[in-house]
Structures are given as C-alpha cells and as structure tokens.
Amino acid sequence: MRNRSVICCIYMIVLVADDLEVNRKLLKTLLAADGYDVIEASNGTDALEILQGANGPIVGLIDWEMPEMEGVEVCRQTRAIADAPPIYLILLTVRDSKQDIVTGLQAGANDYITKPFDKTELLARVGIGKQMVTLQESLTKHVDELKEALLNVKQLGGLLPICSYCKKIRDDQNYWQQVESYVGKHSEAKFSHSICPQCYEDIIKPQMVQLGVDPDEQLPSNAAP
C-alpha cells in the first residue's frame, strides 16, 4: 500500500486511479503530453491516501470499479476530509445510466465521463478541473489574507481600560503599558513625541518660569503652542 505522503509539484497534478495498468498507461501518456504531472493508483485505498496527502490543488480521474474501494466511495470519503486543498474529481466509468450519474455526483464527483472516452473531450474536462482548483486556491488565499487584515484592524477594537491619571492601558494579561507601547504592539503605528498647546501652557511654561527662563524666548522646537 502506498504510504501517505505530502504531494507537491510545480505542475498541476492529475491522479489516475484505475485497476487496469493498460488504462493507467494510456491516460498517463495522454495527460503527460498535455503538460500534467501524473500520479497513479491501482486501487481505491491508494487513491484515497494520495488525495488525503495532497497539500495543493489536484485533479482526480477516478475509475468507478476498483478493488478495495470503489470510485464513488473514494469521492465520498475525499469530500469528508477536513481542510482539504482544492480537489476536482472526475469519475471515469462504463456506467452510463442517469441513476449512476446522479449517484456519482451525489458522492462528491465534480464530473462524469463514460468509457470509451474521446481524448479531446477528456483533456477539455481535465482542463476545466484545473481551472476550477486553481481559481479555488486563489480565492482561498485572498480570503485568508482578508481575514488576517481584518484581524489586524480589530486588534485595537473593543473596550480598552485606561488609567484616568497616568493614561496607561491595561492589556489582556492585566499588565499596564504606556499608550504608545500598547498601540505599537497592536498596530503598525509609529510615534514621535511632542508637546500639545495645553500642556505647554499648563506645565512647561510654569516650570520654565521657576527656572528663571523666559518661555517666549526659549520655545522648544518640538512644542506645539
């Protein structure tokens, strides 16, 4: 049995799951010539393990009738995988009744191709699968980036306990920090210190007078009168 492993490649991966070697070789040759990286599985259990180990987009060509686990069950269990990467499943089978098609789609297959298949049609359907998983991966990435951005925005939200006298802020660990220290840790804001007009009049000027300094002649360059 194939060991469960992480699947990664710079090309789009296509899993060919079929118990007949001649069918796998035919599909592999066809897909490889079209630029796909092909992985083979000869039974349903191996196919499921490959899909479970995937950490990137993957298209699966899954035969319905395989030993150990049928293709519809592979589809069903694949869809139950938590946090699975984008996976597009195509059932490939001789079964062509409407009920079989419905059963396959309800099991989690995205598409359904009957044998014998047309090579051009098969490549076109795999191409659609590639577009779908690529788009899904891109959307997932953008959603994650948006969630992270919103989290950063919300970091300074809510009720912030602040001391009425020294204006320190109490964080989640019950530590009191200077406002600039707290804000600096929770945002990308940078601080430059100055003196507001009110503090200049109420604090700085009286101190300068006590020191015998004329405030009007010694106005600090960073004061804001």
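This is a short walk through one protein model, starting with its sheet and ending with a pair of rings. Keep in mind that what we're looking at is a predicted model.

Okay, let's start with the sheet. There are 5 strands in it, the sheet is open, and the pairing is parallel. If you read across, the order goes β2-β1-β3-β4-β5. At the edges sit β2, residues 37-41, and β5, residues 111-114, and each of those pairs on one side only. Going from one strand to the next, you get a twist that averages 20°.

Now let's step through some of the neighbours. β1 covers residues 13-17, and it pairs with β2 in the parallel sense over 5 bridges. If you want a spot to click on, take Val 14, whose bridge partner in β2 is Val 38.

While we're here, look at helix α1, residues 21-33. That helix packs on the sheet and touches β1, β2, β3 and β4. Compare its direction with that of β2 and you get an angle of about 170°.

Moving on to β3. On one side, β3 pairs with β1, parallel again, over 5 bridges, and there you'll find Leu 15 standing opposite Gly 60. β3 also pairs with β4 in the parallel sense, this time over 6 bridges, with Val 59 opposite Tyr 88. To get from β3 to β4, the chain goes through α3, and that β-α-β crossover is right-handed. Helix α3 itself, residues 71-79, lies across β3 and β4 and runs at about 170° to β4.

So how many residues of β3 are buried? The count is 6 of its 6. As a reminder, in a regular strand the side chains alternate between the two faces of the sheet. Here, Ile 58, Gly 60 and Ile 62 point one way from β3, while Val 59, Leu 61 and Asp 63 point the other way. Both sets are buried, and yes, that includes Asp 63.

Last stop: the aromatics. The structure holds 1 aromatic pair. Why is the pair of Trp 64 and Tyr 112 edge-to-face? Well, the ring centres are 6.4 Å apart and the planes sit at 75°, and planes over 60 degrees apart count as edge-to-face. What does the pair link? Distant parts of the chain: Trp 64 is in the loop between β3 and α3, Tyr 112 is in strand β5, and they are 48 residues apart. Both Trp 64 and Tyr 112 are buried.

That's my tour, thanks.

Technical notes. Residues numbered from 1 in each chain as written. Predicted model: local features only at pLDDT ≥ 70, side-chain atom pairs only at ≥ 80, totals over all residues. Heavy atoms only, no water. Pairing = 2+ DSSP bridges. Helix = DSSP H or I, 4+ residues; strand = E, 2+ residues; numbered from the N terminus. Axes fitted to C-alpha atoms, helices over the stretch in contact; angles between N-to-C directions. Contact = heavy atoms within 4.5 Å. Phe/Tyr/Trp six-rings, centres within 6.5 Å; stacked < 30°, edge-to-face > 60°. Buried < 20%, exposed > 50% of the residue type's maximum accessible area, 1.4 Å probe, protein only. Right-handed = clockwise from strand over helix to strand, strands pointing away.
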